[in-house]
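Q: Got a minute to go through this one with me? I'd like to talk salt bridges and helix packing.

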Amino acid sequence: MGSPIVLGIESSCDETGAGLVRDGKLLGHAVASSMDEHARFGGVVPEIAARAHVHAFDPVVRQALDEAGLRLSDVGAVAVTTGPGLSGALQVGLAGAKGIAYALDVPLYGVHHLAGHVAADTLEHGPLPDPCMVLIVSGGHTSLLLVRDLARDPIAHLGDTLDDAAGECFDKVARVFGLPYPGGPAIDRAARDGNPRAVAFPRPLTGPRDDPYAFSFSGLKTAAARWAEGHAGRELPVADGAASLQEAVADVLTRKAVAACAEYGVGTLVVVGGVAANSRVRSLAEERCREAGLTLRVPPLRLCTDNGAMIAAVGDLLVRAGAEPAPLNMSIDPSAPLEYAALHPLAAGEAVAAR
């Protein structure tokens, strides 16, 4: 008999996700998004997100079970995102996960949201090589990581964003360009008709004296806003601006990631997170990895954005690694740093990353 079926719950932002994984295989998953409710505000409203999770939790879990052809009683362990994320949203997911784990009398595991993004790739391409280089690019995070055994080893940060993350840059510039929220997909669509060399946007932190693996997109965001302001009274060439912005972001991300692979002698680059769905980030990563002789792994689009399958994937790895389940008083940590895949914060607020 194989490992237990792991139910994963994700509720860190505006997607309610449930997924079922056993022995590295995705059995079924479902996602409900409250994005449309936030769009008119130009960004995620925490109270609306939390309320949407309450309404979506049960239907999403049921839909994932139905897709997998399973009953709730078939679940042998529960994994849930405990941070980082919106406090109210995380609390909804944790409360629901605790209720299911208690009712079924099965172990519960707290999972770091970003580790979930890393594990998402295993559901498509199998176990991660040890070591591998991971580039996480999302709305709130941009990090370059050296990953060994995701379930057991600490995660080494080679570089993180110093200010705006790549996805945050897309969202903010899209608003300036008059494009809808969320900005990442809107920029990607607009860029299809634009010239990526039309605007000479800067490539932040790429000078010889800069931190080689840190990221900063605040200056790029400002440069794009100033460029748009320079067209006051004239029609803004949105397609060219979007294509040029997208090219600058993709250039910086892939340049640093490939350089890190070379410096650390790593042969595989894994690109994950919501911005990994961007068409130019994917195509430029493919081009540069091919030239450098690297293997590139990127999850399918459905697993790039937040989902419960990626949390179940981490839970499955933890179960098979013999990791200790979470304590009963596990809480959340909305600003948890990524140190280990398992994240079991205590109710008193002291975050403890379980090894």
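A: Here is a short run through the salt bridges, then one helix pair.

A: Keep in mind it's a predicted model: local features need pLDDT of at least 70, side-chain atom pairs count only at pLDDT 80 or more, and totals for chains, interfaces and linings use all residues. Residues are numbered from 1 along each chain as its sequence is written, and side-chain values use heavy atoms, with hydrogens and water left out.

Q: Okay, how many salt bridges does the count come to?
A: The count is 12, taking a side-chain nitrogen of Lys or Arg within 4 Å of a carboxyl oxygen of Asp or Glu.

Q: What does K172 pair with?
A: K172 meets D164 at 3.5 Å, N to O, and E168 at 2.9 Å. K172 and E168 both sit in helix 6 (residues 166-176), four residues apart, about one turn; helices here are DSSP runs of H or I, at least four residues.

Q: Which residues end up in that network?
A: Salt bridges with shared partners join D164, E168, K172 and K221.

Q: Is D164 buried or exposed?
A: Buried, at 7% relative accessible area; buried means under 20%, exposed over 50%, partly exposed in between (1.4 Å probe, protein chains only). K172 is partly exposed at 33%.

Q: New topic: how do helix 9 and helix 10 cross?
A: The axes of helix 9 (residues 238-264) and helix 10 (residues 279-292) come within 9 Å and cross at roughly 35 degrees. Those axes are lines fitted to C-alpha atoms over the stretch in contact, with angles from 0 to 180 degrees between N-to-C directions.

Note on methods. Helices (H or I, at least four residues) and strands (E, at least two) are DSSP runs, numbered from the N terminus.
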